[in-house]
Amino acid sequence: LRLDHASMAAKLATMAAMVTTSVAFMQTPTLLPARFSTSASSSSFLSSPSPRSTPFSTQRLAKGRKAKCARSMGDLAMMADGKAKKIIVLGGDGFCGWPTSLHLSSQGHDVVVVDNLSRRNIDIEMGCDSLTPIQHPEIRLKAWEEVGGRAMRFVNLDVAKEYDLLVQLLKQEKPDAVVHFAEQRAAPYSMKTSKTKRYTVDNNVGGTNNLLAAVVESDLDIHVVHLGTMGVYGYGTSGGEIPEGYLKVTLPDGNPKEILHPAYPGSVYHATKCLDALLFQFYNKNDQIRVTDLHQGIVWGTNTPQTIKDERLINRFDYDGDYGTVLNRFLMQSAMGVPLTVYGTGGQTRAFIHIRDTCRCIEAAINNPPNKGERVEIFNQVAETARVRDLAKMIQVQTGCEVNYLNNPRNEDAENELVVSNNKFINFLGDMIRLESQEGLFDEVQSITSTYKHRCIKEKILPASFWNKRTAAACADNTLEVMKANAPQGEKKLGGVFM
């Protein structure tokens, strides 16, 4: 899908409101080791809302073609067997993990949130907090039990380092599914220093292997749902539409076969996701572990219907050069009067999905697991694609902000095309939230920015991590002010975009 920024700007509607309440809560003790903090309650299962629709006609990435996969996805259901599930969410305190945990709980699932709070520690390391004042997990859980009517348990556990405790947790909780968010998620941070490169590999690959080994040792039939990235495919290297995980090829002997799509990572972070995919293939083949791998686009938006119930439930909002995703950064910068920081020509085409649809997609994957013995299920978890400079122009038309074309810290092509198949989720979810939707979602992000702009450290907006010495030298002159020597649109500067 290619953006028509002028028409979309006219369609943006009024902002979503945040509801602030003040409530209290009592916590229930745990059966786990003393350092684990948990709370629990039960309620009847709640049916899922019907998929949203939009009155505007938008082009689907899959272009209406039926999905062709090992099993039919036409019967995808938000609650396939009609029963609530026990779900452990690893990395449940993070940008995607927290709203997903709330969403799953609101749908009646029994959710255990697991996190070692490493992302909060990285805030301290970088000297830059979330723009929104996120609360401690205990306060978040108290607020959710009060306003959401359900309790979730929290476990402080390092998946990459505390293997024995992970096995113990699985044996005790006996989950139907484990959602795996527990990875260092920022490509720029993974390229920052040799220390962050090594940490990203140790944490991400080690954590994934620990989870899979723990599932085997637990002797339980646990469905693993992993949040991957579209970046495993590379950008513009497939020679056509990117399929959902598996590529049809003809072997030298003339026989047709489907193979895992070749990996083409663009950072250490992306490389770890490629290694994850190989681990899933091995454990699936060797131990018949049921795995769904979600190759997700760039997430935008901040709040969900659950996080706006109480200010203490607010999701984190990253705006800095390492963790801030491109569209959220643009919206934040426009609200603060800071020129939009576009890298290179802005000619990179990327896939996007709103945080609300991330939650819905993950629930759909949980409730439609592959059968025992079937291959790893792979979904492209995206709503649409757009070119970065088109996003910047759309916001410029809406707000009148300036656009600042910077030299780019990444080592990647300045321009690329991206055609993606997302048949599987579209067959179930229907139209997902679009960039041109009438739901006022851009305004919601800008409203949050206006509310908390006093927490912003403007100097943190500029890129602070560089792919190599050449890109670091090229970025030495970058500034928040519009650069006088900006390259004309289409010129082959170093290209790129945060993801």
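Student: In what order do the seven strands of the open sheet stand, and is the pairing parallel or antiparallel?

Tutor: The model is a predicted one. To read a sheet, one follows the strands from one edge to the other. Here the order is E3-E2-E1-E4-E5-E8-E12, and the pairing is parallel.

Student: Which strands stand at the edges of the sheet?

Tutor: Strand E3 (153-156) and strand E12 (377-381) do; each has a single partner strand, so one side of each is left without a neighbour in the sheet. From one strand to the next, the twist averages 20°.

Student: How many bridges join strand E5 and strand E8?

Tutor: Residues 223-229 form E5 and residues 290-296 form E8; seven bridges pair the two strands in the parallel sense. Within this pair, His 226 lies opposite Asp 293 in E8.

Student: Which strands does helix H7 touch where it packs on the sheet?

Tutor: Helix H7 (residues 194-218) touches strand E1 (86-90), strand E4 (177-180) and E5. The direction of H7 makes about 175° with that of E4.

Student: Turning to a single residue, is Leu 418 buried or exposed?

Tutor: A residue counts as buried when its relative accessible area is under 20%. Leu 418 has 7% relative accessibility and is therefore buried. Its place is in the loop between strand E14 (403-406) and helix H12 (423-429).

Student: With which residues is Leu 418 in contact, leaving aside its neighbours within four places in sequence?

Tutor: Leu 418 is in contact with Tyr 235, Ile 242, Thr 349, Arg 350, Ala 351 and Thr 385. Thr 385 is 33 residues away from Leu 418 along the chain, and their C-alpha atoms are separated by 7.1 Å.

Key: Residues numbered from 1 in each chain as written. Predicted model: local features only at pLDDT ≥ 70, side-chain atom pairs only at ≥ 80, totals over all residues. Heavy atoms only, no water. Pairing = 2+ DSSP bridges. Helix = DSSP H or I, 4+ residues; strand = E, 2+ residues; numbered from the N terminus. Axes fitted to C-alpha atoms, helices over the stretch in contact; angles between N-to-C directions. Contact = heavy atoms within 4.5 Å. Buried < 20%, exposed > 50% of the residue type's maximum accessible area, 1.4 Å probe, protein only.
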